[in-house]
Amino acid sequence: MKAKFLVPLLLFFALAGFLAFGLTLNPREVPSPLIDKPAPAFSLARLDDPARPFALEEMKGQVWLLNVWASWCVACRQEHPVLVRMAQQKLVPVVGLNYKEVRGDGAINARGMALEAETALAIERAQRWLDDHGDPYVLSVLDIDGRVGIDFGVYGVPETFLIDGEGRIRYKHIGPITPESLQQVIMPKIEEVRRAG
Amino acid sequence: MRAEMFVKPVRRLAVAVAVLLAAALPAVAQQAAMPQQSAGPGAAPTVAADPQLEADVMELSHKLRCLVCQNQSIAESNAPLALDLRDQVREQLAAGRSKNDVIDYLVARYGDFVLYDPPFKATTLLLWGGPVLLLVGGAGWLAWRLRRRQGELAAMHGLSEAERRRARELLAGDAKQSSSESPESRS
């Protein structure tokens, strides 16, 4: 008990240690409960052919990414060149989930807008954006009201889901994909899922 | 002059805080779809016609955390996602689902994070058990200290006869001395 005077100092270091660890955490990244669970089934209109619905089953047997995007999303602009490069290198098929293209845009008051008019506007805006910035997607689907987004637990754009050949979600990336996160996290995950499947 | 000296550090602190905030902002790179819409004539949130249903919706919404503005419930937040989730809650309650069904629906998608009242399970054991642990531990430590002190006091009571006599003499001598002292001699 001679070193009793050291007790407050040690307590301080313990507290500082906890706080330092806390600084490395990002409270905006909420872990998804959907990891390793079957991706929620959906059927949505394709951007290139709105009369044709796209369903999850069409990607069966492939390891692929579902990328949530919108033309009003600023961070999507940051991530887009990475997606385009991924498409050029044919790393992995990416399906785009266009999230609330019209009503998600704070500049537009979409309340009271008829669904047909909103869909037409969404297609026009989304297509123009892809024409301007390049289209890295095998196809994009339109989630006009964000309902499918809720099923996937989307709470911000962009988000990206890694889905395996059996339609299970294996990983969720929150925020824009950067060259670093692609190389250090996403590609290793894809390789892992491919090996396992 | 004095007021100025006071103002300067305060202003410097304010500038430092502002700089820190500005530095922290780009870290939030994900577009968190903050409420940008000004409340125009058409922007009023939807409300159920049945007041009882709306009351239920609001009661439940107050227990659910918004994932965008994380320290607000979906009842308080005006983020588009909170509006969407409130609509979901309203729609499902109107369809006759129970409150627990709606909570399960949201937890299945967003995890326990949406609950302001975290459930008791293995991962939250420390959260729920921690305060009890601290209380029991603190009470135990206090009891131990008190017993030890009692032992120490008891040991101090055990004076020998010689010691008692000496103590009495000292006390008596002290009393005599202080009584002979006059107020003047002290100053």
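**Exercise 1. Work out the pattern that chain B follows along the sequence.**

Step 1: Count the elements. Chain B has seven helices and zero strands; helices (H or I, at least four residues) and strands (E, at least two) are DSSP runs, numbered from the N terminus.

Step 2: Read them along the sequence, and you get α-α-α-α-α-α-α.

Before going on, a note on the model: it is predicted, so local features need pLDDT of at least 70 and side-chain atom pairs count only at pLDDT 80 or more, while totals for chains, interfaces and linings use all residues. Residues are numbered from 1 along each chain as its sequence is written, with chains lettered from A and ligands numbered from 1 in the order in which they are written.

**Exercise 2. Find how much of chain B is buried, and how its domains are placed.**

Step 1: Take the cut-offs. A residue is buried if 20 or more other C-beta atoms lie within 10 Å of its own, exposed if 12 or fewer, and partly exposed in between, with C-beta atoms placed from the backbone.

Step 2: Apply them. Of the 187 residues in chain B, 16% come out buried.

Step 3: Look at the domains, whose bounds come from an automatic or database domain assignment. Chain B splits into domain 1 (51-114) and domain 2 (124-171). Taken over C-alpha atoms, the centres of these two domains of chain B are 53 Å apart.

**Exercise 3. Lay out the five-stranded sheet of chain A.**

Step 1: Write down the order. The open sheet runs E5-E4-E3-E6-E7, with mixed pairing; two strands pair if DSSP finds at least two bridges between them.

Step 2: Find the edges. E5 (139-143) and E7 of chain A each have a single partner strand, so one side of each lacks a neighbour in the sheet.

Step 3: Check the pairings. E3 (residues 64-69) and E4 (residues 94-99) of chain A are parallel, over five bridges, and Leu66(A) sits opposite Val95(A). E6 (residues 159-163) and E7 (residues 169-174) of chain A run antiparallel, also joined by five bridges, and here Phe161(A) faces Lys172(A).

Step 4: Inspect the hairpin of E6(A) and E7(A). Five residues lie between the strands, and Gly167(A) has a positive phi near 80°.

**Exercise 4. Describe helix H5 of chain A, its length, its bend and its buried residues.**

Step 1: Test the length. The expected span is 1.5 Å times one less than the number of residues. For the 18 residues of H5(A) that should be 26 Å, and the end C-alpha atoms are 24 Å apart, which agrees.

Step 2: Locate the bend, meaning the angle between axes fitted to the seven residues ending at a position and the seven starting there. H5(A) bends by about 35° at Ile186(A), with Pro188(A) following within four residues.

Step 3: Pick out the buried side. Leu182(A), Ile186(A) and Ile190(A) are buried. Residues three or four places apart in an α-helix point the same way, because there are 3.6 residues a turn.

Step 4: Ask what covers the buried residues of H5(A): the cover includes helix H2 (74-88), E6 and E7 of chain A.

**Exercise 5. Track down the unusual backbone spots in the loops of chain A.**

Step 1: Recall the background. Most residues other than glycine have a negative phi, and most peptide bonds are trans.

Step 2: List the exceptions. Asp36(A) has a positive phi near 65°, in the loop between H1 (7-23) and E1 (43-45) of chain A. Lys90(A) has a positive phi of about 50°, in the loop between H2 and E4 of chain A.

Step 3: Add the cis bond. Val157(A) and Pro158(A) are joined by a cis peptide bond, with omega about 0°.

Methods: Two residues are in contact if their C-beta atoms, placed from the backbone, lie within 7 Å.
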